[in-house]
Every structure is written in C-alpha cells, then in structure tokens.
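These are my notebook entries on one protein chain. I looked up its parts step by step and wrote down each result.

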Amino acid sequence: LIASLAQAQLKVKPINGRVVIGDIELEEQQSMAEPPNARDTLTAIKIYGPKFNGGRGRITFGDQPRRYYFNVAVGECERPNDYDTDQLWLHGKNGFYFTAHVVDTLFYFDPNKSPRFNFNYDINAIGFFVNSDSRYKENVAPLSNALSNIACLKAVSYNLKNNYTSSLDAFEGDKPGEKFLKDEPMFEKMHKEARQGTRYGFIAQELKEVFPDLVHSDKDGYLSVDYIGLIPVLVEAINELQSELSEFKAKKSPQNTELFSSADDMGTGLVVPALYQNVPNPFTNDTQIKFDLPETVQQATLFVYDMQGKQIKSIPVTERGSSSITIHGNELAAGMYIYALIADGKEIASKRMILTK
C-alpha cells in the first residue's frame, strides 16, 4: 500500500487506492462517517472544490487558468449563492466540439464559424419548443402576399453526399493500433447510414430569391434554411386562400356574374374563370400556365410583366374552357415575373413566376 501527500491537495488512499484531489480533510470526514460497505469504492479519482461539500471542483486545460477566467474547463457548475449544484459544467472559451474517432465531429459550437449550434447527424427528440413569447419580440408586423410567394417555391427530393473523412489521415504517417483499425469501419458505416434515404426540402439558393430572411450563410458561404420559419408563411397562405374562397362564394355582383354562362344561381356545369400557378416554378426551359374561361368571354389576353411593372409579353387567349399556354424560357431573361389574365377588360387573377438559368 502506497500513500502520497503533496501540499495536502493530492493523496492516494492506502485502503482502496483512490486518488483524492482538493480538500483532503473533507474527504476523510465524509468517507469515515459512512459504513465501510457503503463507501464509494468505484470512483477512481475524486476532485473536491473549496466550497461547501467540496463544491466548485473543476479541472482546467491549457493557458490562463485564473480564478474567474478559464479557457477550457470541466467541473461543477456554480450559481450565485449556490456552489453545491451537482450540475456538470463544460466550458470552452471559443466553443466546443463533440467528436468520435479522432476526426468525426458529431456536433459543435464555434463562434468563429457561426453563431448557431451545428449538428452533423440527425436528431431524435420527443418534442422541440422554440421561445416565442411576445416579451422576446419587437417590430412585430403581419405577413402579406404569403400565398403568391409560396406558389413560387419548388420542393425537391434529394440525397446527402457522403463526405466521410477517414480517421487514418490523422496519423500522418504513424502506424495506428490494432483496436483503432478495428473501430474505423464501424464509424465509416455509421456515417454512411446517417446519410442514406431520400430527403425532401428546398434548394437554399432558390428559396433565398423568395424568402431571403429564411436563408443563412456561414463564413464559407454554405447556405442553411430555417424550415420552422416557413410554418407561419404556410399558415398565412392558407388563411389567404380561405379568405379568397369565402369571398368568391359570397360574391354575386355583376362584375363576376357577367363572365358566367347563363345558369340558375350559377349551377352545376358552370365554368368559373380562373388562372393557375405555372408549372414548373421556378423553371429553366419551358413552363405551362393553365386557366379556365367560360364560353361567354369575348376577348382574353395573358400579359407578362417584369417586377418594375413593364409589360414584357402579350399573348391572345383564344381557347375557352380549360386550357393552357406555354412560356418559353429562351424568350425571357432570368428573373421574377408577374403574369395576369384579363378577360373582357377585367382581371381574373395575377401570379408570380421565376425563371432561372
């Protein structure tokens, strides 16, 4: 049995071989007060701090381990007037990285890269809540044109690229151990499986054209999307659609009824004038615009305007009933446009379309 004591702060227990760092007398009092079979014989190292019950025990790494300033530290979290919190404290002056197998970063927070927490793997949770109390907010304003903006979005399916970096590269010529070589395939398999499967979402560069506030860029220029931020926009779009539907059902004014075929109370079989969103949108080559027009319409035209209101195209509409018009991408410059259907001098509807090249 060997016991050593250095400045009364480090001791190897002669009975069970435990290493005690900190207040040795406190450890002795607590240990001896318990029956031998109840004493902690599993802890190899115990670190006591200077406060009550050994609170505020901590380990620091690297430079400048001052009393109130730690670059990197692990210990017990302390609160005002409470040093014995029994809460783990992890501190990194410039953030921290949670890694596995040398190079595979599972998640990290690095203020030099981004002000956000970054996860490289999917997260499973029972629930997820975002702070949304009115007391957190200012400059609150209602959304507008949500329906027309949502119509400009193009959802896609995709697969994530496999960007796994072998941990063997970290040895730089040194020979890795047998256990390391055994574990390497396990981590590579975990990385590949985490990126399998088809996912659904948006291309951030395209979404930025419509909702720039929902797209963020890191210091390297890579874009990320605030998908939760799209939820209020979708809700407002549904509300706008419901409002339009309710208004349409309620209206029987001459402005609308004169476009309808003669029918009792606009009955069954009636063709209602309508203009639909172009498909696909955004588009690169060609896009199709569908519309409905009653036989009673004498003259109809589809107009295309740029975002400054300048008329770009005027296309006569000769078909009645359900039909469509094709817009060719090579006839326009890349950008956002507004198209409108005018029937007998009255606007049926107007919508936005995006051309990308």
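**Entry 1: the whole chain**

I began with the secondary structure, which comes to 6 helices and 21 strands. I note here that the model is a predicted one. I then looked up burial and found that buried residues make up 30% of the 357 residues in the chain. For the contacts with a separation of 6 or more, I recorded that 49% are accounted for by residues 24 or more positions apart.

**Entry 2: the sheet of β8, β9 and β10**

I followed an open sheet of 3 strands, in the order β8-β9-β10, with antiparallel pairing. Which strands stand at the edges? They are β8 (96-100) and β10 (118-119); each has a single partner strand, so one side of each is left without a neighbour in the sheet. I looked at the link between β9, residues 104-109, and β10, and found 2 bridges in the antiparallel sense. Asparagine 118 in β10 stands opposite tyrosine 108.

**Entry 3: the sheet of β15, β16 and β19**

I found another open sheet, in which 3 strands follow the order β15-β16-β19, again with antiparallel pairing. Its edge strands are β15 (274-275) and β19, each of which pairs on one side only. I looked up the bridges next: 2 of them join β15 to β16, while β16 and β19 pair over 8 bridges. Both pairs run antiparallel.

I then traced individual partners. Leucine 275 has phenylalanine 291 in β16 as its bridge partner. Phenylalanine 291 also stands opposite serine 323 in β19. Isoleucine 327, in β19 as well, stands opposite threonine 287.

**Entry 4: the nonpolar cores**

I recalled a general point before this search: in soluble globular proteins, nonpolar side chains tend to be buried together. The largest nonpolar core has 22 residues. Which of them touch the most other members? I listed Leu275, Leu293, Leu302, Val317, Ile327, Leu341 and Met353. Several strands supply at least two residues each to this core: β16 (286-293), β17 (300-306), β18 (311-317), β19 (321-328), β20 (335-343) and β21 (346-355). Another core, of 15 residues, lies apart from it, and Ala146, Ala204, Val233 and Ala237 are among its members.

I looked more closely at methionine 353, leaving out residues up to four places away in sequence. Among the residues that methionine 353 touches are Asn278, Phe283, Val304, Leu332 and Tyr339. Thr287 and Ile327, which I had met as partners across β16 and β19, are also touched by methionine 353.

**Entry 5: the largest pocket**

I turned to empty space, since rolling a probe the size of a water molecule over the atoms shows where it is left. The largest pocket has a volume of about 2300 Å³. How many residues line the largest pocket, and which are the closest to its centre? The lining has 37 residues, and the closest to the centre are Asn118, Phe119, Leu160, Leu223 and Ser224. Asn118 is the residue I had noted opposite tyrosine 108.

Two or more residues of this lining come from each of β9, β10, α4 (204-210) and β14 (223-225). The largest share, 3 residues, is that of β14. By class, I recorded 18 nonpolar, 9 polar and 10 charged residues in the lining of the largest pocket.

**Entry 6: the cavities**

My search of the whole structure finds 2 cavities of 30 Å³ or more. The largest cavity has a volume of about 40 Å³. Its lining consists of Cys152, Leu153, Lys154, Phe202, Ile203, Glu206, Leu207, Val210, Pro282 and Ile354. Which element gives the largest share of this lining? It is α4, with 3 residues. I sorted the lining of the largest cavity by class and obtained 8 nonpolar, no polar and 2 charged residues.

**Entry 7: isoleucine 47**

Last, I looked up a single residue, isoleucine 47, in strand β4 (residues 45-47). Is isoleucine 47 buried or partly exposed? Its relative accessible area is 33%, so I recorded isoleucine 47 as partly exposed; buried would require a value under 20%. From isoleucine 47 to arginine 58 I counted 11 residues in sequence, and their C-alpha atoms are 7.2 Å apart in space.

Key:
Residues are numbered from 1 along each chain as its sequence is written. This is a predicted model: local features need pLDDT of at least 70, side-chain atom pairs count only at pLDDT 80 or more; totals for chains, interfaces and linings use all residues. Side-chain values use heavy atoms; hydrogens and water are left out. Two strands pair if DSSP finds at least two bridges between them. Helices (H or I, at least four residues) and strands (E, at least two) are DSSP runs, numbered from the N terminus. A nonpolar core is a set of buried Ala, Val, Leu, Ile, Met, Phe, Trp, Tyr and Cys residues joined through side-chain atoms within 4.5 Å. Buried means under 20% relative accessible area, exposed over 50%, partly exposed in between (1.4 Å probe, protein chains only). Contact means heavy atoms within 4.5 Å. On a 1 Å grid over the protein atoms alone, a cavity is a set of points where a 1.4 Å probe fits but cannot get out, and a pocket is an open set with protein on both sides within 12 Å along at least five of seven lines; lining residues have an atom within 4 Å of a point. Grid points are joined across faces, edges and corners, and a volume is the space filled by probe spheres set on the points. Ala, Val, Leu, Ile, Met, Phe, Trp, Tyr, Cys and Pro count as nonpolar, Asp, Glu, Lys and Arg as charged, and the others, Gly among them, as polar.
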